[in-house]
Amino acid sequence: MIEALKRLPGVGQKSAQRMAYHLLQHDRLAMPRLADALTAAGENIKHCERCHTFSEAPICGVCADAERDARLLCVVETPADQAALERTASYRGYYFVLLGRLSPLDGIGTRQIGAAELLARAAEAGVEEVILATSFTAEGEATAHVLAEALKARGIKSTRLARGVPVGSELEYVDLGTIAHALTDRR
């Protein structure tokens, strides 16, 4: 059980032991529920045929929602990123989930992240803007740049998420890179 738990991201030996011992000592009733939930998820959850997020149906609830703004297509790296944007309740367009980001050192190129499928989706009638919401890591920036160039070559407008000083923060505690980007991208 400890070895299985260690396969999860961010879970090392000690955390895996704590979880295993907790379940064994304090919550044995949770063990079959957890096993059933994992089995059901493995059998029932697939990728949406349209945007690639996780879904029990062939088309996820977001893609099936005709009330969303079809002019906007937001590109994210993972279903977790999509969920984070959805929690803001400030975006009402559709999504495309790359299921990764470019990482040439790891052998992850445009084919592995579905760039061709994204370009086909972005070229569909009604899409006016592709919002590149990849992370602000070196790989995320490279992914956004490559996708922006490919979209531009096809005459498709793309924009990038803004970056800057977090709301409620004090400048003296914000890292210098964030302050520099906030100054460059000021409006």
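Where is T134 found? Keep that residue in mind while looking through these close-up views of a predicted model.

**View 1. T134 sits in a loop between a strand and a helix.** The loop that holds T134 runs between β5 (129-132) and α7 (138-153). With a relative accessible area of 1%, T134 is buried, because residues under 20% are counted that way. Its side chain reaches the backbone oxygen of G140 at 2.8 Å.

**View 2. T134 and the residues around it in space.** Once neighbours within four places in sequence are set aside, T134 is still in contact with V75, E77, L98, G140, T143, A144 and R160. G140 is worth a second look here, since its backbone oxygen is what the side chain of T134 reaches at 2.8 Å.

**View 3. H181 in helix α8.** Helix α8 covers residues 176-184, and H181 has its place there. Is H181 buried or partly exposed? At 34% relative accessibility, H181 counts as partly exposed, because the value falls between the 20% and 50% cut-offs. If you also pick out A162, you will find H181 and A162 to be 19 residues apart in sequence, with their C-alpha atoms 9.1 Å apart in space.

**View 4. The largest pocket and its lining.** This pocket has a volume of about 190 Å³. Two elements give two or more residues to its lining, namely α1 (2-5) and α3 (30-44). Which element gives the most? That is α3, with four residues. The full lining is made up of M1, A4, L5, L8, L23, M31, L34, A35 and L38. By residue type, the lining of the largest pocket has nine nonpolar residues, no polar ones and no charged ones.

**View 5. Stepping back to the whole protein.** Eight helices and six strands make up the count of elements in the protein. Along the sequence they follow the pattern α-α-α-β-β-α-β-α-β-α-β-α-β-α. The C-alpha trace spans about 60 × 45 × 35 Å along its principal axes. How many residues does the protein have, and what share of them count as buried? There are 187 residues, and 29% count as buried. The accessible surface of the protein comes to about 12,200 Å², and carbon and sulfur atoms account for 57% of that surface. Among contacts between residues at least 6 apart in sequence, 48% join residues at least 24 apart.

Notes:
Residues are numbered from 1 along each chain as its sequence is written. This is a predicted model: local features need pLDDT of at least 70, side-chain atom pairs count only at pLDDT 80 or more; totals for chains, interfaces and linings use all residues. Side-chain values use heavy atoms; hydrogens and water are left out. On a 1 Å grid over the protein atoms alone, a cavity is a set of points where a 1.4 Å probe fits but cannot get out, and a pocket is an open set with protein on both sides within 12 Å along at least five of seven lines; lining residues have an atom within 4 Å of a point. Grid points are joined across faces, edges and corners, and a volume is the space filled by probe spheres set on the points. Ala, Val, Leu, Ile, Met, Phe, Trp, Tyr, Cys and Pro count as nonpolar, Asp, Glu, Lys and Arg as charged, and the others, Gly among them, as polar. Buried means under 20% relative accessible area, exposed over 50%, partly exposed in between (1.4 Å probe, protein chains only). Contact means heavy atoms within 4.5 Å. Accessible areas come from the Shrake-Rupley method with a 1.4 Å probe; for residues, only the protein chains shown count as cover. A polar contact is a pair of N or O atoms within 3.5 Å; within protein, one must be able to donate a hydrogen and the other to accept it, and residues adjacent in sequence count only if both atoms are side-chain atoms.
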